[in-house]
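The following questions and answers concern strand pairing and helix packing in the structure shown here.

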Amino acid sequence: MTIAIIGSGNVGGALAQSLIKGGHSVLIGAKTPLSDKSIRLATIIGEDRFTSVENAVRQAEVIIIATQPETIIDLLPQLGDTKNKIIIDSTNTVRTKPEGYATAFHALADKTNAAIVKCFNSTGFENMKNPDYNGTPIDMFMAGDDVAAKKVVRQLALDAGFAECYDFGKADKVLLLEQFALSWINLAIMQGMGRNIAFKILNRTPL
């Protein structure tokens, strides 16, 4: 599958490396000339994976938004026609949000004709790059209305090395999933536990 990642920072770079390792073709939609962070990522995954946002989206079946959420409004014209594509919103409105919208998910749902899924937002980029904890892969979570799109996104999470991608529910659970991300941020940063922590759902099998 061809995946366009819009954003070459910590999250975009981590997902690019994990999905390439999972066997997918990854393009990075970036500005020209490349920024310092894009150049650093290019030394790892290859400069040939970098192209314009428009070209990356045009070639991709799945688009991952890994920018700051407030940039979504300016980014929308570059996405072009997204019919029959899946857009994954990996952003969190911790400090900022798109003007007029609660989250980037809501802006994308309103302004594009793609299937929108919230995912890859609930943990730190280190865990997205390496979701394995001493032989135990951690879990990922998603939300959105489109059932078929969520099946694709779940498989991408598994391909990236996560043990499972649990469904938080429909679009009305997107804000809850962002609050869940804030729980990780609180523990890792505010409470000083460090960024090498992760969530794992355990199921006690009935006797």
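Q: Which residue of β3 is the bridge partner of G29?
A: The model is predicted: local features need pLDDT of at least 70 and side-chain atom pairs pLDDT 80 or more, whereas totals for chains, interfaces and linings use all residues. Residues are numbered from 1 along each chain, and side-chain values use heavy atoms, without hydrogens and water. Strand β2 (residues 25-29) runs parallel to β3, joined by two bridges, and strands pair if DSSP finds at least two bridges between them. In β3, the partner of G29 is T51.

Q: Which strands form the edges of the sheet?
A: Eight strands (DSSP E runs of at least two residues, numbered from the N terminus) make an open, mixed sheet in the order β3-β2-β1-β4-β5-β6-β9-β10. Pairing on one side only marks the edge strands, β3 (50-51) and β10 (164-169).

Q: How are α1 and α2 oriented to one another?
A: Helices are DSSP H or I runs of at least four residues. The axes, lines fitted to C-alpha atoms over the stretch in contact, with angles from 0 to 180 degrees between N-to-C directions, lie 11 Å apart at about 15 degrees for α1 (residues 10-21) and α2 (residues 36-45). Because angles under 35 degrees count as such, α1 and α2 are roughly parallel.

Q: Which residues of α2 meet α1?
A: Contact means heavy atoms within 4.5 Å. From α1, the participants are G13, A16, Q17 and I20. Their counterparts in α2 are L41, I44 and I45.

Terms used
Angles under 35 degrees count as roughly parallel, over 145 as roughly antiparallel, 65 to 115 as roughly perpendicular and the rest as oblique.
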